[in-house]
Amino acid sequence: MPIELKNLTIAVWVYDIDNYCIHWANEPALILWESDSLEELCSRDFKPITSKAVAEGLLEYQRAFKKDNTLFTQNWHYSPRGIKKSAFCQFSGHVLEDGRMAMLVEALPVPQLNHDMPADLTAMLSDYSADGTFISGNPPFIEAMGHELNHFQDLIVDPSALKTIYRSLSQSGRYEDDVLMKSADDENRWYHLIAVNVQSASEKGKILLHQYDIHRRKISEIALAKEVLTDALTGLLNRRGLDKKLTELDTKREPFIIYYIDLDGFKIINDSFGHGVGDQVLQTVADRLLDCLPENSSTCRFGGDEFVIVVQVKNIVVDKETLASMLVKSLSDTYYDRSRPMALSASIGIAEYPADANKLSNVILYADAAMYQAKQLGKHRWVNYEEGMEQKILRQSVIAQRLCYAKENGELALYYQPIWEFSDNTGGKIVSFEALLRWHNDELDIVSIEEVIQVAEEIGIINDIEQWVAQQALSDLLVLREYTSPDVTMAINLSAIHLREETLPQFLLDLLKNKTLLPTDLVIELTESALVEDLESEYSIVRQLVDSGIKISIDDFGTGYSSLAYLHHIPAAIVKIDRSFIVQIKNNSKTLQHIQSLIEAHEMNALIEGVETEEQQRILIDYGISLHQGYLLGLPKPLSYYIENCGSLN
Ligand code: C2E
Ligand code: MG
Ligand code: MG
């Protein structure tokens, strides 16, 4: 009996969740329930027709009502007197006189509703045991998902989504998102899924699913997203927008210049100030870019902290290099999080179309290769594309692939360079060795070890490699001691990335113990920037290392940005003065002496790297710098060399 819209007053009833019955209902509700009296309706027992999943769902609602004033809305299917009906319902908590929490239901019969709305909101409920075994589902669920369901995992199309759901359930007891699911008709459909862990007093944990079919809406959202050409965070073009722009210029054969920009140090900002601040920085970057650029340029956020700018040659007012310098300068100005300053700079690669690349598909690749070169030259600069640069990137990716297997293939080796001490003029003695990594790969030409370290850092295997270094070097130290003196120490180099590994101190201590060595037998060489980054963090690994007795040595001192001013913050035992100070030792005499006295004032030992001539050695001894390392005193050599030349070492 359809009700005319004009006659409708909303049907309302109170459902007693604990007793599976209607507690009270108004007149329109009686019609909806096909009942002629309130007594008759209230006497109905819903228990036999309530599936387990629905019962669990209602108990879940009850818990939610008790917690806060939550409202749930859904299209509810019910069958009064065997007549199939559905109503669009709003559920809220209602406290009964005896204090129990019941559910107030306000309902509109479906035919009165706007036709776009109801079908999508049909609630499908199902429940599963804690291990995901299917228990029950309400009729809309069974109809949509089929009768043959065995396990929760059979529903989810994407295995990684399944993992996320389980992870989220174990962490917070709840998961909610749009998920692609397998329907009964073997077609995948999008559902809005809410999964909750339910713990009841009588039963072990269960998983309860509420799902709504949102397929049509989701498909149109996905289609729409494909048409979006801008980046949501910055409002700049996204990759799709950039492609469109480039294709337009290509069609007109319009020459243009690409500036491929990558921010230097953005990750540190994101990690230490948080992603919210990171987002603000990216927005500031977008503003600064737009301020620098000539009219009609296009600016794209290409990825995380990468931007691509397209400037038409006819629009460029200054020359392309001047514009590049302006961009580097502008992007490297201090950024602020409220009043806290943050440092960032930019590396830019430039490529021209069609001068450098006459194929559209290459121009971004070439600009990227030039940017990579800018990074390698020390960042904070721009570089013009030159022929062959992209090959270099290719080489790096080959190195990366081979390097992954270098350890297992036994291609890694250590060379040891001696460190000498001249305490008086009696000739000196070896007090330590520095372990330097070498990689022999038959297929690649010579690969510099700096390149190896850089690639290992980029692909995330540096910790693994350096653990091997530590292990090998400490084993070899036991042998080297037999051929030199029993108190020589071993120095190993560690990357800034490895220094972020919380387990590092314990790993090294276990290793030392295992070799019956003392923490004082090991020296860790770290660059200034790695040290500064670590010491600024709350749980400094360096302090833990120092507290455990392992010695720290500041490598390449004088090349970093903090240098002397920061020295007193660093708990180092040794300062290795970079060999650039030796090259012009005569011009640098004042500086060297100043550095030496400062190091002494901090009760650290000065060591100088790169001693190549006897004259240099003599001058250094005169200055009071007694620890020397360099080709004059010994090249880096494999362990076998020391074994073979044992007689002539000290
Ligand atoms: P470093 O730690 O400053 O090591 C000293 C570098 O200077 C070595 O280069 C050594 O061969 C070179 N050298 C020593 N004496 C002289 C000299 O008299 N004249 C000149 N011109 N050079 C000298 P190498 O072996 O190519 O290593 C380069 C860098 O690679 C090292 O610089 C170090 O930063 C890094 N490295 C090596 N092994 C590892 C490692 O296991 N982990 C990490 N993170 N870095 C490593
Ligand atoms: Mg070193
Ligand atoms: Mg060094």
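## A buried glutamate

Glu-525 is buried, because its relative accessible area is 2%, and buried means under 20%. This is a predicted model. Glu-525 sits in strand E21, which spans residues 522-527.

Asp-555 also counts as buried, with a relative accessibility of 8%. Its strand is E22, residues 551-557. Glu-525 and Asp-555 are 30 residues apart, so the pair links distant parts of the chain.

## The magnesium site

What coordinates the magnesium ion (ligand 2)? Glu-434 and Glu-525 each do so through OE. Asn-493 uses OD1, and Asp-555 uses OD. The distances run from 2.0 to 2.2 Å. Along the chain, these donors follow the spacing E-x58-N-x31-E-x29-D.

Asp-555 has a further role at a second ion. It bridges the magnesium ion (ligand 2) and the magnesium ion (ligand 3). The two ions lie 4.0 Å apart.

## Two packed helices

Two packed helices are described by the angle between their axes and the distance between the axes. Helix H12 covers residues 389-403, and helix H13 covers residues 449-458. They pack at an angle of about 75°. Their axes are 10 Å apart. Angles of 65 to 115 degrees count as roughly perpendicular, so H12 and H13 are roughly perpendicular to each other.

Which residues meet? H12 brings Arg-395, Gln-396, Ile-399, Ala-400 and Leu-403. H13 brings Glu-451, Val-452, Val-455 and Ala-456. By class, this contact has 6 nonpolar, 1 polar and 2 charged residues.

Key. Residues numbered from 1 in each chain as written. Chains lettered and ligands numbered in written order. Predicted model: local features only at pLDDT ≥ 70, side-chain atom pairs only at ≥ 80, totals over all residues. Heavy atoms only, no water. Axes fitted to C-alpha atoms, helices over the stretch in contact; angles between N-to-C directions. Helix = DSSP H or I, 4+ residues; strand = E, 2+ residues; numbered from the N terminus. Parallel < 35°, antiparallel > 145°, perpendicular 65-115°, else oblique. Contact = heavy atoms within 4.5 Å. Nonpolar A, V, L, I, M, F, W, Y, C, P; charged D, E, K, R; others polar. Donors = N, O, S within 2.8 Å, 3.2 Å for Na, K, Ca; no water. Buried < 20%, exposed > 50% of the residue type's maximum accessible area, 1.4 Å probe, protein only.
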